[in-house]
Amino acid sequence: MFSVTGAPRPFSRRDFLRAGSGAALGGVLAARTFDLEAEQVATVPAGDAVRFGIIGVGTQGSALLTNAVTVSGVQCVAASDLYDGRHTLAREIAGPDIKTTRRYQELLDDKSIECLIVAVPDFWHKTVVVDALSAGKDVYCEKPMSHTIAEGAEMVKAVERTGKFVQVGSQRVSSAIFIKAQELVASGAIGDVLQAELQLGRNTPDGAWEYPPPPDLSPENLDWETWQKDVPKKPFDPLTFARWRCWHQYGTGMAGDLMVHLVSGMQFVTGINQVPDKVFTVGGIERWKDGRNMPDVQNTILDYGKIHVSVRLTLGTETPEVTRVMGSKGVVEISNNSVAFIPQLGINTSPSYYSQSYPAALRKEYLHDWQEKNDPILAEHPLADVDVYRGPSWDGLRPHLATFFSAVRTRKPVVEDVVFGNHAATACHMANASYFEGKLIGGK
Ligand SMILES: NC(=O)c1ccc[n+]([C@@H]2O[C@H](COP(=O)([O-])OP(=O)(O)OC[C@H]3O[C@@H](n4cnc5c(N)ncnc54)[C@H](O)[C@@H]3O)[C@@H](O)[C@H]2O)c1
């Protein structure tokens, strides 16, 4: 899975123990570094190209389309968006011959389209996805899969009813670093998984979703009435169009925008594929008092029974994105473009400091006995080197898309299917429910 570049820097167990794992967690004690090979990109079996359409060609839709058209064996034939400027954008990306329309139903009616990428705002996901499945299309749906817990359940049922499949777009599960992290945990490298810590912080207007609306946006080139769906109507508002994440009527806040990536990664790495038993959140609108109703700091505890997860999200302070999975034999920590494996013996490697409280004669005897008994054991333990695996990229968008297109033809199951996506989204909805209701969600 990986190739070693350059000579590994030797680092002994003794060095590691002396420095302590806290320093290693901060990335100071990278003992040996390895470069991971690029992800294996699934292929579409030879034959006719997979013909796809895209619904929603905004910030993420345009990134998806740009990547999708580079996957071999696929062809974009149509794009739908309620804003005409994004018809132009779609043709710029996928070629002048693709069909563009405001009405996504036209893509559903087109029998030549086998599958759809859906990248509309969260409050539109369920409607578009259920319509697409019912029209016989497989769907790549952006995260968070749903806008509410009830909508997620409807989407799962729609997959069961139609026999079509959904792949959800938390694309990092397809990156080499998450795949390496999953391999490490599955191999038992960190022993029994007990806890995970997930963290992410931003500190810019862009990071807090204060996006600049397209300068030409108007009721003439945007179907504003349709865009608002069943949310109580308001007059044309370019800020709502661009910054919908700030309000729960349209988006899911930091939980659905950011935490869902972290939770999906944690599910993938640990093998958890369930809804948390209990969720509790504290947070508030502390930094961006711009009329939003979603919190900009949010700390959440997710209790999965055997595994206990804490999530710290903020739009008020820049901090790295970290996924730290902790077990009885060490830590697997994903941060930036790398995954570190920090082993721990889980045994005493020196006499107990408690013996300082013994009188001298007792202490001497204790130390002697301890060394007699433990030195041979310690001598047998392998070196506890810290291994750092650097990934080719942080984001597995292209391989994630390739997996989807390949599955359209092969019908092989995808990792991030409707059940997986529903579990991750539901955890986020539970966190938001806890924030708004001020109480523990789930449990007895
Ligand atoms: N996977 C990721 O890393 C990632 C990153 C960003 C966004 N996203 C997700 O992608 C989705 C879209 O986010 P975005 O930032 O691109 O939003 P955006 O507002 O930039 O784009 C959404 C587009 O959907 C169009 N749209 C809305 N309703 C429609 C409808 N009924 N029919 C056709 N078009 C419609 C809008 O006109 C707009 O152009 C969200 O669910 C978001 O959470 C995922």
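In this predicted model, 25 residues surround the ligand, and G56, G58, T59, Q60 and E142 come nearest. By class, the shell holds 10 nonpolar, nine polar and six charged residues. Helix 3 (59–68) and helix 9 (224–227) each supply at least two residues of this shell. Helix 3 gives the most, with three.

Where does the ligand lie relative to domain 1 and domain 2? Both domains give residues to the shell, so the ligand lies between them.

The division of the chain is as follows. Domain 1 covers 2–35 + 180–345 + 384–442, and domain 2 covers 50–172. Their centres, taken over C-alpha atoms, are separated by 23 Å. The contact takes 45 residues from domain 1 and 41 residues from domain 2. On the domain 1 side, helix 9, helix 11 (253–270), helix 13 (397–410) and helix 14 each supply at least two residues. That side divides into 22 nonpolar, 15 polar and eight charged residues.

One helix pair deserves a closer look. The axes of helix 7 (residues 149–162) and helix 14 (residues 418–437) come within 9 Å and cross at roughly 175 degrees. An angle over 145 degrees counts as roughly antiparallel, so helix 7 is roughly antiparallel to helix 14. The residues that meet are listed by helix.

| Helix | Residues in the contact |
|---|---|
| Helix 7 | I149, G152, M155, V156, V159 |
| Helix 14 | V418, V419, N422, A425, T426, H429 |

The contact of helix 7 with helix 14 has seven nonpolar and four polar residues, and no charged ones. By contrast, the shell around the ligand includes six charged residues.

Technical notes: Residues are numbered from 1 along each chain as its sequence is written. This is a predicted model: local features need pLDDT of at least 70, side-chain atom pairs count only at pLDDT 80 or more; totals for chains, interfaces and linings use all residues. A residue is near a molecule or strand if its C-beta atom, placed from the backbone, lies within 6 Å of it. Helices (H or I, at least four residues) and strands (E, at least two) are DSSP runs, numbered from the N terminus. Ala, Val, Leu, Ile, Met, Phe, Trp, Tyr, Cys and Pro count as nonpolar, Asp, Glu, Lys and Arg as charged, and the others, Gly among them, as polar. Domain bounds come from an automatic or database domain assignment. Axes are lines fitted to C-alpha atoms, for helices over the stretch in contact, and angles run from 0 to 180 degrees between N-to-C directions. Angles under 35 degrees count as roughly parallel, over 145 as roughly antiparallel, 65 to 115 as roughly perpendicular and the rest as oblique. Two residues are in contact if their C-beta atoms, placed from the backbone, lie within 7 Å.
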